[in-house]
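User: Could you take a close look at one small site in this model for me? Please start with a single residue and work outward from there, so that I can see how the surroundings fit together.

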Amino acid sequence: MKHRLLGQLSNPRNASRQACLSGALALLMLTGCGRRDAHVKYERPSEVHDFATLFAQNCSGCHGAEGELGAAPPLADPLFLAIIPETEFTRVVSEGRTATLMPAFAREHGGELTDEQIGILVRGIRSKWGSSEGVGPGPLPDYLAQAGTGEAPSSENREAALQVFASVCGNCHGPRGQGGKEAGPIRDRAFLTLISDQALRRIVITGRRDLGMPDYRRLGDLLPAGQPLSNQQIADMVALLGSWRQAHEEIPQAAAATGGQ
């Protein structure tokens with residue numbers, strides 16, 4: 001065995017391989033490959049205080065990398081940021097939104113973010129996308145629904161809401177919400193089950209500018225009076241949409257066959 005080993009080492013080809021291996025090991029030792037840079041400190045998730053990093057890790061998956069064009073309504077929306085109160089914005093991020101896919105992010109509600117990180121997100125979103133441009137003059141509708149407005153509309157208000165819906169939404173979603181050439185159905189129990197009345201109210205007010213859906217002002221332009229939707233019209237619209245969650249509110253077959261007319 002000893003003679004065989006000595007023979008292998010004395011072989012010029014093996015000696016060359018050993019020289020190459022020794023050189024590579026020396027180079028790795030000199031460059032410090034495989035060792036953590038002493039200047040790079042491990043950062044715990046709770047120590048991340050950079051807005052861009054927090055937004056990318058917690059918000060962009062649903063709201064889009066630039067705050068729009070995600071499955072959830074856009075955050076890069078000056079009108080939305082103008083109407084939502086600071087306390088409500090913080091509460092929604094902390095506690096999530098009931099009856100929607102928006103989760104809670106605060107630790108005390110099962111999330112992973114500290115109160116400081118949630119504050120960084122809320123302030124950062126306002127700073128990055130909040131702007132008076134695009135909001136327009138005049139009083140703005142209330143972001144939060146008034147107490148009692150989520151109840152089923154009266155027959156009079158329901159009829160008024162149906163007429164408003166047919167005028168301002170029907171061109172895209174069909175006059176009875178069954179879907180149209182430009183947009184899908186709203187009178188869809190699966191969709192309505194996954195969205196709260198408050199989220200519906202927000203979309204009626206702000207529209208979805210990233211998808212081309214007009215806000216309450218441009219919708220109001222489609223009415224004979226040519227005025228922005230009033231708080232009452234917005235509330236009646238949300239109540240009408242909410243009533244379509246019920247099974248008995250399915251579209252009548254005759255109406256569906258004729259496009260809801």
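**From Ser60 outward**

Analyst: Happily! Leaving aside residues up to four places away in sequence, Ser60 touches Phe55 and Ala65. Please keep in mind that this is a predicted model. Ser60 belongs to helix 4, which covers residues 60-63. Is Ser60 buried or exposed? Its relative accessibility is 19%, and buried means under 20%, so Ser60 counts as buried. Its side chain also has a polar partner: the backbone oxygen of Ala56 is reached at 2.8 Å.

One of those two contacts leads to a group of rings. Phe55 is linked by ring pairs with Phe51 and Trp129 into a cluster. Across the whole structure, a search finds 5 aromatic pairs. Phe80 and Phe89 form an edge-to-face pair, with 5.8 Å from centre to centre and 75° between the planes. Both partners are covered: Phe80 is buried at a relative accessible area of 3%, and Phe89 is buried at 4%. Another pair joins Phe165 and Trp244, whose ring centres are 5.3 Å apart and whose planes stand at 85°, so this pair is edge-to-face too. Phe165 sits in helix 8 and Trp244 in the loop between helix 13 and helix 14, so the pair ties together parts that are 79 residues apart in sequence. Phe165 and Trp244 are both buried.

Let's go back to helix 4 and follow the chain onward. The loop between helix 4 and helix 5 holds Leu69. Leu69 is not a glycine, yet it has a positive phi of about 65°. With a relative accessible area of 58%, against a cut-off of over 50%, Leu69 is exposed.

Helix 4 also takes part in the largest pocket, so to speak, as one of the elements that line it. About 1400 Å³ of space lies in that pocket. Helix 4, helix 6 (86-95), helix 7 (115-129), helix 8 (155-168), helix 9 (170-173), helix 11 (197-206) and helix 13 are the elements that each give two or more residues to its lining. Which residues lie nearest the centre of the largest pocket? They are Ala71, Pro73, Ile195, Ile203 and Arg208, out of a lining of 50 residues. Sorted by class, the lining has 39 nonpolar, 7 polar and 4 charged residues.

Which helix gives the most to that lining? Helix 11 does, with 5 residues. Helix 11 is mostly covered, as 9 of its 10 residues are buried. Among the buried ones are Gln198, Arg201, Arg202 and Thr206, along with Ile203, which was named above as one of the residues nearest the centre of the pocket. The cover over these buried residues includes helix 5 (78-83), helix 10 (189-193), helix 12 (216-220) and helix 13. Just after helix 11 comes Gly207, with a positive phi of about 65°.

The loop that carries Trp244 brings us back to helix 11 from another side. Arg245 has its place in that loop, between helix 13 (231-243) and helix 14 (253-257). Leaving out residues up to four places away in sequence, Arg245 touches Arg189, Leu192, Thr193, Ile195, Ser196, Asp197 and Leu200. Of these contacts, Leu200 is one of the buried residues of helix 11, and Ile195 is among the residues nearest the centre of the largest pocket. The C-alpha atoms of Arg245 and Arg189 are separated by 5.1 Å, although the two residues are 56 residues apart along the chain. The side chain of Arg245 also reaches the backbone oxygen of Leu192, at 2.6 Å.

Finally, here is the wider setting. The protein has 14 helices and 0 strands. Of its 261 residues, 38% are buried. Among contacts with a separation of 6 or more, 65% come from residues 24 or more positions apart. The pair of Phe165 with Trp244 and the approach of Arg245 to Arg189 are two local examples of links between parts set apart along the chain.

Notes
Residues numbered from 1 in each chain as written. Predicted model: local features only at pLDDT ≥ 70, side-chain atom pairs only at ≥ 80, totals over all residues. Heavy atoms only, no water. Helix = DSSP H or I, 4+ residues; strand = E, 2+ residues; numbered from the N terminus. Contact = heavy atoms within 4.5 Å. Polar contact = N/O pair within 3.5 Å; in protein donor to acceptor, adjacent residues only side chain to side chain. Buried < 20%, exposed > 50% of the residue type's maximum accessible area, 1.4 Å probe, protein only. 1 Å grid on protein atoms, 1.4 Å probe; cavity = no way out; pocket = protein on both sides within 12 Å on 5 of 7 lines; lining within 4 Å. Points joined across faces, edges and corners; volume = space filled by probe spheres on them. Nonpolar A, V, L, I, M, F, W, Y, C, P; charged D, E, K, R; others polar. Phe/Tyr/Trp six-rings, centres within 6.5 Å; stacked < 30°, edge-to-face > 60°.
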